[in-house]
Amino acid sequence: MAPTPPVRPVMSHSSAFLLPSPPSSSAAPDGDGDAYALLVLNQRLPRFAPLLWDRARVRVCADGGANRLFDDMPELLPGQDPDEVRRRYKPDVIKGDLDSIRPEVKEYYSNMGTQIVDESHDQDTTDLHKCITFVTEKLAIPNRSNLCILVLGALGGRFDHEMGNINVLHLFPTNRIILLSDDCLIFLLPRTHTHNIHIESIEGPHCGLIPIGAPSTTTTTTGLRWNLGKPPTSSIQYQQQLVLNLQILSPDDTSMSFGGLISTSNIVEEESVTINSDSDLIWTISLRHHS
Amino acid sequence: MLGRAIRSMDVMVHSSTFLLPKLHQPGHTPAKNYALVVLNQNLPRFMPRLWTHAKLRICADGGANRIFDEMFQLTNEQDYERVRNRYIPEIIEGDMDSIRPEVKRFYSSQGSQISDKSHNQETTDLHKCISRIHRSTSDHEKTNLCVLVTGALGGRFDHEAANINILYLFSDMRIVLLSDDCLIRLLPKTHKHDIYIESSVEGPHCGLFPVGAPSGSTTTTGLKWNLSEAKMRFGSMISTSNIVHAEKGLGWNGP
């Protein structure tokens with residue numbers, strides 16, 4: 001009999017940070033279960049930026065992201081005095097090669113105590129990459145390796161920037177980095193793990209799984225309208241299979257590739273979606289435009 | 001090694017002369033014919049010019065709403081109705097779940113062919129539009145006909161990915177996805193590629209991305225950071241924020 005294959009570790013994902021009122025229970029005993037860092041890149045702020053800002057553990061602007069904060073945050077809070085909004089929504093750090101930030105914006109935040117870190121000597125990595133390295137290596141906060149990193153302004157705009165940002169997800173596969181826009185969010189599902197994605201009310205219904213870096217030969221999902229791979233014969237059997245890592249990845253499971261099938265315009269049908277794949281996948285889900 | 005590795009490959013020539021004002025079409029490169037496909041996102045600022053010089057204009061479902069609503073503010077015209085009457089697509093194609101009834105009625109009354117494919121839920125609206133062009137274009141014409149698509153980038157990421165996949169599914173066609181900020185094309189690995197840069201409208205920023213599969217070997221000329229038999233893949237090196245140097249950049253993929 002063949003030796004039991006190693007059990008795949010499970011990675012759980014949730015976007016509770018997007019809910020209007022924070023979740024009542026916190027997962028980790030030290031209350032850090034929902035902690036996240038917020039990074040702002042140089043594109044128009046999405047409508048939920050104030051909500052995300054309020055609850056962030058740390059807030060970093062990548063270069064021209066500081067311009068966006070300065071210009072757009074007062075517009076997102078129209079009932080409030082713009083100067084008061086700018087004072088309140090002050091980043092902890094502004095980092096990058098500083099060739100996009102306007103001089104008056106830099107001066108404004110510097111005077112308010114924001115740490116300005118000039119990385120213009122380093123032209124080998126993108127601004128997002130520099131910020132991720134900063135958050136994961138240099139921040140003086142407890143449990144920083146568990147910190148979720150939310151990024152605004154990483155999608156859309158110049159396509160090479162978007163690709164570079166998606167590449168950063170692949171370069172830091174063990175960190176939880178989520179790219180958000182007004183329309184959707186995306187994050188990496190590394191092939192090393194089984195993934196359990198809890199779907200919040202504010203997400204969906206449209207979703208997709210994208211093998212952007214390499215084709216996937218075998219992917220299995222549950223919880224979607226059009227699931228990939230062999231359907232489980234019963235949920236108990238499926239749970240057993242997950243634990244024993246047996247029978248999940250078999251040759252006739254659905255393969256995905258550019259030039260062939262990729263899963264787009266799929267629909268989440270259950271509160272929890274599970275995904276197993278032999279290749280890194282990008283998960284994407286739409287965000288509801290509530291009133 | 002290099003001589004053995006690179007087989008004699010056909011060259012594909014690319015240029016973006018469609019972005020130039022008509023008067024500036026250079027004499028030595030023939031003005032390319034192109035079809036224009038409009039998807040359901042904000043129109044790019046250069047849409048009036050693209051529209052005017054297109055051989056064929058197809059709105060994919062809600063793309064018709066965008067032409068109806070947004071074209072006026074992109075022109076210098078004062079007369080709203082005149083603008084509306086001038087920009088009439090030849091075809092509106094898709095599953096018709098986004099186009100507003102009054103928009104559909106208007107274009108139908110102006111002679112647009114309404115091609116209702118709502119029974120087909122297997123493919124995206126862009127896929128339907130490209131399929132139609134593919135079917136009605138001979139193999140010979142395919143090498144000369146460019147298909148320009150607006151509204152395919154940005155917005156929902158799964159839509160964007162599906163639109164990029166169209167470039168791969170129809171790799172025998174020249175499809176260009178355009179936005180206000182950039183354009184993208186597929187460079188199939190079966191060919192060498194010569195890309196003529198229209199520096200008045202394009203650049204300087206550029207990039208090469210091995211979307212879908214790693215690249216074993218890429219070599220370029222004409223860029224600030226050229227690649228020399230470089231391996232590229234997501235999770236490792238990809239070429240972003242590069243700069244075009246020359247008027248012509250040459251790149252090809254080996255095995």
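Which backbone oxygen does the side chain of A:Arg59 reach at 2.8 Å? That of A:Trp53, and the first close-up starts there. This is a predicted model, where local features need pLDDT of at least 70, side-chain atom pairs count only at pLDDT 80 or more, and totals for chains, interfaces and linings use all residues. Residues are numbered from 1 along each chain as its sequence is written, chains are lettered from A and ligands numbered from 1 in the order in which they are written, and side-chain values use heavy atoms, with hydrogens and water left out.

**View 1. A:Arg59 is a buried arginine without a salt bridge.** A:Arg59 sits in strand β3 (residues 58-62) of chain A; strands (E, at least two residues) and helices (H or I, at least four) are DSSP runs, numbered from the N terminus. Buried means under 20% relative accessible area, exposed over 50%, and partly exposed in between (1.4 Å probe, protein chains only). A salt bridge needs a side-chain nitrogen of Lys or Arg within 4 Å of a carboxyl oxygen of Asp or Glu. For A:Arg59, the nearest side chain of opposite charge is A:Asp92, 4.1 Å away (Lys and Arg count as positive, Asp and Glu as negative; His and the chain ends are not counted). Leaving aside neighbours within four places in sequence, the contacts of A:Arg59 (heavy atoms within 4.5 Å) include A:Leu38, A:Trp53, A:Asp54 and A:Asp92.

**View 2. A:Tyr89 sits in a loop of chain A, between α3 (82-88) and β4 (93-96).** Loop or not, A:Tyr89 counts as buried because its relative accessibility is 4%. Its side chain and that of A:Asp54 are joined by a polar contact of 3.3 Å. A polar contact is a pair of N or O atoms within 3.5 Å; within protein, one must be able to donate a hydrogen and the other to accept it, and residues adjacent in sequence count only if both atoms are side-chain atoms. Not counting residues up to four places away in sequence, A:Tyr89 also touches A:Pro50, A:Trp53, A:Leu69, A:Met73, A:Leu77 and A:Tyr109.

**View 3. A:Asp83 and A:Arg86 pair up within one helix of chain A, α3.** They form a salt bridge, with the closest N and O atoms 4.0 Å apart. The two are three residues apart in α3, so about one helical turn separates them. A:Asp83 is partly exposed, with a relative accessible area of 42%, whereas A:Arg86 counts as buried at 16%.

**View 4. A:Arg225 and A:Glu269 link distant parts of chain A.** Their salt bridge brings the closest N and O atoms to 2.9 Å. A:Arg225 lies in the loop between β11 (216-222) and α7 (235-244), A:Glu269 in the loop between β13 (263-267) and β14 (272-277), and the two positions lie 44 residues apart in sequence terms. Both count as partly exposed: A:Arg225 at 44% relative accessibility and A:Glu269 at 47%.

**View 5. B:Leu178 is a buried residue of chain B.** You'll find B:Leu178 in strand β7 (residues 174-178), with a relative accessible area of 2%. Beyond residues up to four places away in sequence, B:Leu178 touches several others, among them B:Phe18, B:Leu19, B:Phe46, B:Leu50 and B:Leu148.

**View 6. Chain B meets chain A.** The contact takes 32 residues from chain B and 37 from chain A. About 2700 Å² is buried between them, 67% of it from carbon and sulfur atoms; buried area is the accessible area (1.4 Å probe) that two parts lose on being put together, summed over both. B:Arg156, B:Phe157 and B:Phe234 supply 26% of the area that chain B buries here, more than any other three residues. The rule finds zero salt bridges across this interface, but eight residue pairs in polar contact (both at pLDDT 80 or more). On the side of chain B that touches chain A, α8(B) gives the largest share, ten residues. That side divides into 17 nonpolar, ten polar and five charged residues (Ala, Val, Leu, Ile, Met, Phe, Trp, Tyr, Cys and Pro count as nonpolar, Asp, Glu, Lys and Arg as charged, and the others, Gly among them, as polar).
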